[in-house]
Each structure stands twice: as structure tokens, then as C-alpha cells.
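Me: I have a chain open here and want to go through it in small steps. Can you keep the answers short?

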Amino acid sequence: MALLDMLYTEKKYDIIVAHVNYQKRKTANRDEKIVQAYCDRNSLLFRVLRPVFFHDDNFQAWARKVRYDFFMELGKEYHIEDVYVAHHKDDLIETYIFQKNRDMLCEWYGIKPESVYKSIHIHRPLLSYTKAELKRYCDEKDIEYGIDESNLSDAYTRNKIRHKVVDFMSLKEKDQIVSEIESENDALQKLRIEMDDFFKTWDQDLSILSKSWMYLEFYLYTKTGKHFARKYCVSLMEQLKQNALIDLKGFYLERFGNAIYLEEKKEEVDLCFDAITYGDYPSFKLCKEGKVIEGITLSKADFPIRVRTVRAGDTILLRLGRKNIHRFFVDRKIPKHKRLDWIVVENRQKDIIFVPGIGCDINHFSVKPNLFVLK
């Protein structure tokens, strides 16, 4: 409410007020009415969203996405590129302590004064104000506001930091923390330049293991979009001193030989075809043309065929006898993460008749294949 009044009072802006009512607490409707009344009194356009909460493990992350997506939708509707939000100095310090407690390497320590979310530019002009100063601003100008009672409990880690640390700081101590945050961000940006230079020429070799854990964290973040704690990254580096396949929830991190790989997990493939059907499918293509090693000759007796992910124990009959497909992976030194989503083609008799990289079985080879399977 303080931010809204400041922007309105400056008379520099055409303002649309966006309010999200999560309907999660008893006073949520009261807060909506407070904002509505201010907008009605000052002839401001007011838009409200009342989302239905799908029970996610992380309500706060879900709520933030809903909120900013709503801002973006309004931006498109009204041709607006700038959104102002009311994070203040206490939020800045709270976020910084939260990051430090988790030993995270972040894009930015604390809260950025400005950032971009998809197509909108986010401004945070109140980071130099404490919560007490903003409350005093509202009291002195007789601006009605609501207190979110969920912030009074210690249900969330951030609330605990607020109540047990930030609320007990003097203004001088808060300003000292803000100076510390600025220094940390200066150092972080220098480090980021160094890491950018390193990764421009890095070819997935083991040289990353001779660097600090921050290089690995930076690499993981650029690939996954998720930040990882220092302790976890140190553990990963220890595991990567030898061949290892590590599950990172949605990604595989692997050291195989002298290389480091990070690949997104793929869904298991299991598709049936009653006839030759060209096209692009998850993890593979069925084509009219390709290399000989990618081709197979099918007859009506083979259908329906099944394209599926390889399984332990799968074999294929080759010219020199039956070969275990996983043995082929070992012989060819295929990294383990690639083996997990390799595909095979199975015919009506449930015989594996084609494997990309190996070719077709002894009974389906010809110089004029009618199907090419590209992985």
C-alpha cells in the first residue's frame, strides 16, 4: 500500500493495480477490499486474480509463479512492460540470510533492485526502506493496510529468520548487512566473469574438478536452472573423482572416463506401429532415407512393430551370433546415461530386430531398407 501510494502521488505513471487473492487465510478478502477501496477512491484500474491452489509441495514457489504470470498477462493485455513490487530492506536482508544459511551460490545475493521475468521488467524501488519505515509512512498518511497473519507464525524458514534475527536488528546493523550484500555481489559478478571465461573453452573434461565447488554449481545451474548448496556440490565433486552416475532429479550427472556429462532424463519410450509411419517421435525419427547402419527392411510379417527403451537382458541376433545389447554399450564405451534411454525395435514375434548404432538383426538386412530409424 505504501508503494502504491508513492507511485500514485508522484503522478508520473499510468497505473494498473494487480492483486492476487490466494483465498488461503481468513483476512484475504479484507486485503482485497482495502486495495479495491484505494483504487475506487483514486480512479485506478484494479484487476484481481483468485487462483485455485493445486496442492504443491512448495506453496510459496507456486504462488510466486502464479503472481508473476498474472503480471505478465496484464502486461500483454495493456501493452505494459514495467511492474513495480514492494520488496523492502527487511526482505532483502531476510533473503540474504536464507541464502547464506543454505550455503547457496546464487545469481544474486539478497534481492535485485531490477530484474526481468519473461517479457516484463520488474522494479523494486523500496529496498532502501525498512518495513517499520513503510508502516510509519502509511500511518502518517492515513493509508489503510492489512497485516498478513501468516507472517506472524514460524511455519516457514523465512518467517523464523524474520522473527529471530531481522526483527532484532538495529537500523545501523541492517545498513551494515546491506553493505555486506553489495560487497558480496561485486565479488560474485567478478567470479561469474571468470567462470564464463572458463566454460567458453571447457570441453567437458575433468579440469572442472580442479576448480572450486562454485564452478560445478555454476555448471549445474546453467543446465538445470536450479541452485545447489555448497555441501552437496563438494559431495558431488568427491563422487566424480571416479566413474559415477548420479541422479539429480530430472537430470543425470555422470563421469565416464575422462569426461563429465549432464543430461536431462528422457521419458521411457514404448510405441507400437501397425505399418511404416514416418515422422518425429520422442527420442527418435522414422525416415525414408538415412545411412545403411540406420536402415532396416520390414515386411508385413513384422507388424505390429514396437519401438521401446532398451531393457536389461535384451539381445539381438547378428551375423556372428546373438549379442547382449548392454555388452555392445560396454564394448563401444557408451556413457551410462545414454544407455538408459537407448531404443530398440521389436517385431511381432517380440524379437529385437534393430538397434540404432548396431544396426538390424541378420534376418532384416538388405541394401535397400524401407525404414530408417534415427536416434
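What follows is a short chat about the overall form, one sheet, one pocket and one residue.

Reply: First the basis: this is a predicted model, where local features need pLDDT of at least 70, side-chain atom pairs count only at pLDDT 80 or more, and totals for chains, interfaces and linings use all residues. Residues are numbered from 1 along each chain as its sequence is written, and side-chain values use heavy atoms, with hydrogens and water left out.

Me: How many helices and strands does the protein chain have?
Reply: There are 11 helices and 19 strands. Both are DSSP runs numbered from the N terminus, helices being H or I with at least four residues and strands E with at least two.

Me: And is the chain spread out or compact?
Reply: More spread out than a compact globule, because its radius of gyration is 29 Å, well over the 21 Å that the globule rule gives for 375 residues. That radius is taken over C-alpha atoms, and the rule is 2.2 Å times the number of residues to the power 0.38. The C-alpha atoms fill a box of roughly 90 × 45 × 35 Å along the principal axes.

Me: What order do the strands have in the open sheet of 3 strands?
Reply: The order is 3-5-4, with mixed pairing. Strand 3 (82-84) and strand 4 (114-117) are the edge strands, each pairing on one side only. Two strands pair if DSSP finds at least two bridges between them.

Me: In which sense do strand 3 and strand 5 pair?
Reply: Parallel, over 3 bridges, with strand 5 covering residues 120-123. Asp82 stands opposite His121 in strand 5.

Me: New topic. Which residues are closest to the centre of the second largest pocket?
Reply: Leu318, Arg319, Ile358, Cys360 and Asp361, out of 14 that line it. On a 1 Å grid over the protein atoms alone, a pocket is an open set of points where a 1.4 Å probe fits, with protein on both sides within 12 Å along at least five of seven lines; lining residues have an atom within 4 Å of a point. Strand 14 (315-318) and strand 18 (359-360) each supply at least two lining residues.

Me: Last one: is Phe256 buried or exposed?
Reply: Buried, with a relative accessible area of 18%. Buried means under 20%, exposed over 50% and partly exposed in between, using a 1.4 Å probe and protein chains only. Phe256 is in strand 7 (residues 251-256). Its C-alpha atom is separated by 6.9 Å from that of Ala244, 12 residues apart along the chain.
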